[in-house]
Amino acid sequence: MNVVLDLFLRDLPNAALVWSLLAVLAVVAIGALTLYTRQPEPAPVAPAPAELEQQALLAAHAQALVRKAREATAAAERAAATARRRREEWLAAQDVAETAWQRYDEADSQARRTLTAAAIPLPRTPQTPAEYAFRERHLHRAAMSACSHQQLSALELSDALAHRGGWDPRRHPIEQETMLSQFARASLRTAYRRAADTEKQTWLATEAAVAAADSLRSAAHAAHVRARRVTRRVTPPADATLADLI
């Protein structure tokens with residue numbers, strides 16, 4: 001025990017010196033760490049004038065693209081409205097053409113029936129002034145009735161009342177009916193062809209309006225895509241402002 005105690009007492013100064021050095025090193029390390037963590041953050045570096053100018057030009061370009069995209073959208077909406085109107089006009093013209101065809105088809109059937117009836121010998125009637133007056137009145141009434149049903153034009157009615165253009169009031173009423181049916185069929189055929197041509201023109205106008213609306217709609221979409229692409233390259237706060245615009 002004396003030997004162990006003697007060794008402990010002999011090494012005690014050395015151990016105290018080592019512990020003292022370790023304590024000093026710990027204090028130095030703690031102080032250095034504290035100073036390092038408390039260093040002020042570096043001040044933000046201001047952008048260079050060239051970079052600021054580039055951002056300003058980019059923001060102006062983005063605003064121009066946004067404006068063009070809005071104008072393209074408005075143009076596409078107007079073209080779509082025009083296409084809807086053209087389609088309504090075409091549907092109305094189609095109804096008119098179908099009605100004109102039905103009227104012509106009825107007149108054609110009537111003309112065929114009168115031609116068949118005209119093949120039968122005409123009944124003999126007394127050729128007196130009263131008979132010719134009756135035939136003239138019959139022609140006038142039949143012509144005015146056909147004109148009121150749009151089977152004769154106003155010019156053809158005028159010819160019938162004035163006894164021009166082959167209209168003879170002395171003919172038998174059956175012959176007059178045959179002639180009226182032929183004129184009515186020709187007049188309604190002309191009306192149908194006119195309506196069919198109008199329907200064709202409105203259809204072509206509708207197709208052109210729809211194609212224009214589709215083209216403008218695609219152009220507006222592409223303009224918005226370009227505007228968004230350029231807007232993302234603009235630094236805040238301009239980026240947020242442009243993003244609200246589009």
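Which residues does A160 touch, not counting residues up to four places away in sequence? Keep that question in mind as you go through these close-ups of a predicted model.

**View 1. A160 and its contacts.** Leaving aside residues up to four places away in sequence, A160 touches L139, H140, A143 and W167. Three of these names, L139, A143 and W167, come back in the next view, where they join A160 in the largest nonpolar core.

**View 2. The largest nonpolar core.** Ten residues make up this core: L139, A142, A143, A146, L152, L157, A160, W167, M179 and L180. The elements that each give two or more residues to it are α3, α4 (154-162) and α5. With four residues, α3 gives the most. Apart from this core lies another, of eight residues, including L58, A59, A227 and V234. A general habit of proteins is worth remembering here: in soluble globular proteins, nonpolar side chains tend to be buried together.

**View 3. The largest pocket.** Now look for an open space in the model: the largest pocket holds about 280 Å³. Its lining has 15 residues, and those closest to the pocket's centre are Q110, A146, Q151, S181 and A184. Two or more lining residues come from each of α2 (49-118), α3 (129-148) and α5 (173-231). Sorted by type, the lining has six nonpolar, six polar and three charged residues. You have already met A146, which is also part of the largest nonpolar core.

**View 4. The second largest pocket.** This pocket has a volume of about 160 Å³. You can find its lining by picking out V96, T99, A100, R103, Q150, S187, L188, A191, Y192, R194 and A195. Both α2 and α5 supply at least two of the lining residues, and the largest share, six residues, belongs to α5. By type, the lining divides into six nonpolar, three polar and two charged residues.

**View 5. R135, a buried arginine.** Is R135 buried or exposed? R135 sits in helix α3. Its relative accessibility is 8%, and because buried means under 20%, R135 counts as buried. Who are its contacts? Not counting residues up to four places away in sequence, R135 touches T125, P169, R170, R171, H172, P173 and Q176.

Methods: Residues numbered from 1 in each chain as written. Predicted model: local features only at pLDDT ≥ 70, side-chain atom pairs only at ≥ 80, totals over all residues. Heavy atoms only, no water. 1 Å grid on protein atoms, 1.4 Å probe; cavity = no way out; pocket = protein on both sides within 12 Å on 5 of 7 lines; lining within 4 Å. Points joined across faces, edges and corners; volume = space filled by probe spheres on them. Nonpolar A, V, L, I, M, F, W, Y, C, P; charged D, E, K, R; others polar. Core = buried A, V, L, I, M, F, W, Y, C linked by side-chain atoms within 4.5 Å. Buried < 20%, exposed > 50% of the residue type's maximum accessible area, 1.4 Å probe, protein only. Contact = heavy atoms within 4.5 Å.
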